[in-house]
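Here are a few exercises to work through with the model open in your viewer. Try each one before reading its solution.

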Amino acid sequence: MAIQSINPATKEVLKTFNPHSPAELETLLKNADHVFEKWRATLFTERAELMRKAAQELRENVSYYAEIITLEMGKPIREAKAEINKCALCCDFYAENAETYLQNEEITSDASISYITYEPLGIILAVMPWNFPFWQVFRFAAPSLMAGNVGLLKHASNVPQCALAIEDVFRKAGFPEGVFTSTLLESAAVENLIKDDRIKAITLTGSEGAGASVAAVAGSQIKKTVLELGGSDAFIVLSDADVEETAKMAAKARMINTGQSCIAAKRFIVVEAIASPFTDRMKFYLEQLKTGNTLEDSTDYGPLARQDLAVSVQKQVNESVAKGARIILAGGQPDPQSAYFHPMMLTDIPPDTPAHDEEIFGPVACIFVVQDAAEAIRVANNCRYGLGASIWSSNVPEARRLARQIESGAVFINGIVQSHPALPFGGIKKSGYGRELSYVGIREFVNQKTIWVA
């Protein structure tokens, strides 16, 4: 079946690609396996020089790469440019820090000397999503390649141009052919790829279902996985928060990537004392956001990445409202054939509804009113996911105490949850396991080898 690149804003078919055949895939795997033996022997300084050139390529051609993102999955050009620049930051970060993160680590033991070395594994398969089609890949690729591994990308089928452009970034930077390879494959081909002995580990960012499937196959092959899955992040607003500023940030947090982000705030848990003014102001700020031509910097939000995704989000809203949830900001899908979905707010959300129990991957803000901070923590933790959360309060010591009680991979205080190359990123519960970024992430896909000398 052909792989199509479709502009979700216009429904125009931009390009059509044939998936790699089994013979073509075999050639790509052979090349990657062969180049690994040479790549692993390169010095950190050699890898760093190439990684800095990749960062330079991204920065010098930010508009070109950003436009590919915008046309292929609908992200407004302003956000797409920010994504490209963040990828460049990640490349520079690991070019600067990889050698330090992976230097031999001496350990005191009964030996005359004992230490840990960090050695590359081989081909790392990355199964990546469409929502941040460059960033998700670079946050895996920059540390993995700097560690001496080689990368094989199976990208989401609706962003084939992004996949090929990323491979081109590394090629233009001077990386040897095969150190980073993009494959054009249907999802059904992933299982056999995982079972190939040349694939040493797998990283996946995607849905809970996709993570479970990949982990099951990888587990049968005794291969390591890192999974970054869904999130239904809590945005906790305590009674002493700055209502105006927090409401403004709440609207921004919900609308990251038109709501299509695992770490976009989705559940707004607000103490009753300030719930009414907070909700009014958040509604005001959401109403100010404008859609339009996604290639213009003035556009605040675009379509969802596919029309069927908008249909799915609308279905979640409709089911929740039918069971008692109340709409306080109307919006939604303008018509069933559209990929657009305008911001919505729901409240009075009963249990056992999609808005209560599921991740809504679109611009729907779910408001939960609680009596106090203790109830806010209980509501925040009453969730199958545990990726990120934020607490908004003028009492930072108290917020730090509460942060320790939240079940998630990250808690941000008076700031929107975000990823940064220096900070470990990942979740718990159904949000997955393992970490990307920081020194923690670069050590996920290496052999942490003990060496002991009598």
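**Exercise 1.** Work out how strand β5 is joined to strand β6, and place the pair in its sheet.

*Solution.* Start with the pair: β5 (residues 123-127) and β6 (residues 150-154) run parallel, with 5 bridges joining them. Here strands are DSSP runs of E with at least two residues, helices are runs of H or I with at least four, and both are numbered from the N terminus. Two strands pair if DSSP finds at least two bridges between them. For a spot check, take L125: its bridge partner in β6 is L152.

Before going on, a word on the source: this is a predicted model, where local features need pLDDT of at least 70 and side-chain atom pairs count only at pLDDT 80 or more, while totals for chains, interfaces and linings use all residues. Residues are numbered from 1 along each chain as its sequence is written, and side-chain values use heavy atoms, with hydrogens and water left out.

Next, zoom out to the sheet. It's open, has 6 strands with mixed pairing, and reads β7-β6-β5-β8-β9-β19. At its edges sit β7 (180-183) and β19 (432-433), each pairing on one side only.

Last, add the helix: α1 (residues 22-39) lies across β5, β6, β7 and β8 (199-205), and runs at about 155° to β6. That angle is taken between N-to-C directions, from 0 to 180 degrees, using axes fitted to C-alpha atoms, for helices over the stretch in contact (heavy atoms within 4.5 Å).

**Exercise 2.** Describe the hairpin of β1 and β2.

*Solution.* First the pairing: β1 (residues 3-6) and β2 (residues 13-17) run antiparallel, joined by 4 bridges. I3 stands opposite F17 in β2. Then the turn: there are 6 residues between the strands, and K11 takes a positive phi near 70°. Now the faces. In a regular strand, side chains alternate between the two faces of the sheet. In β1, I3 and S5 make up the covered face, while Q4 and I6 make up the uncovered one.

**Exercise 3.** Is E272 buried or exposed, and what does it touch?

*Solution.* Step one: E272 lies in helix α10 (residues 272-288). Step two: its relative accessible area is 46%, so E272 is partly exposed; buried would be under 20% and exposed over 50% (1.4 Å probe, protein chains only). Step three: leaving aside neighbours within four places in sequence, E272 is in contact with V369, V370 and Q371. The C-alpha atoms of E272 and V369 are 5.6 Å apart, although 97 residues separate the two along the chain.

**Exercise 4.** Which residues line the largest cavity, and which helix gives the most?

*Solution.* Set up the search on a 1 Å grid over the protein atoms alone: a cavity is a set of points where a 1.4 Å probe fits but cannot get out, and lining residues have an atom within 4 Å of a point. The largest cavity is lined by R139, F140, P143, S144, T203, R435, E436, L437, G441, I442 and F445. Both α5 (135-146) and α15 (438-442) supply at least two lining residues, but α5 gives the most, with 4. By class, that's 5 nonpolar, 3 polar and 3 charged, where Ala, Val, Leu, Ile, Met, Phe, Trp, Tyr, Cys and Pro count as nonpolar, Asp, Glu, Lys and Arg as charged, and the others, Gly among them, as polar.

Notes. On a 1 Å grid over the protein atoms alone, a cavity is a set of points where a 1.4 Å probe fits but cannot get out, and a pocket is an open set with protein on both sides within 12 Å along at least five of seven lines; lining residues have an atom within 4 Å of a point.
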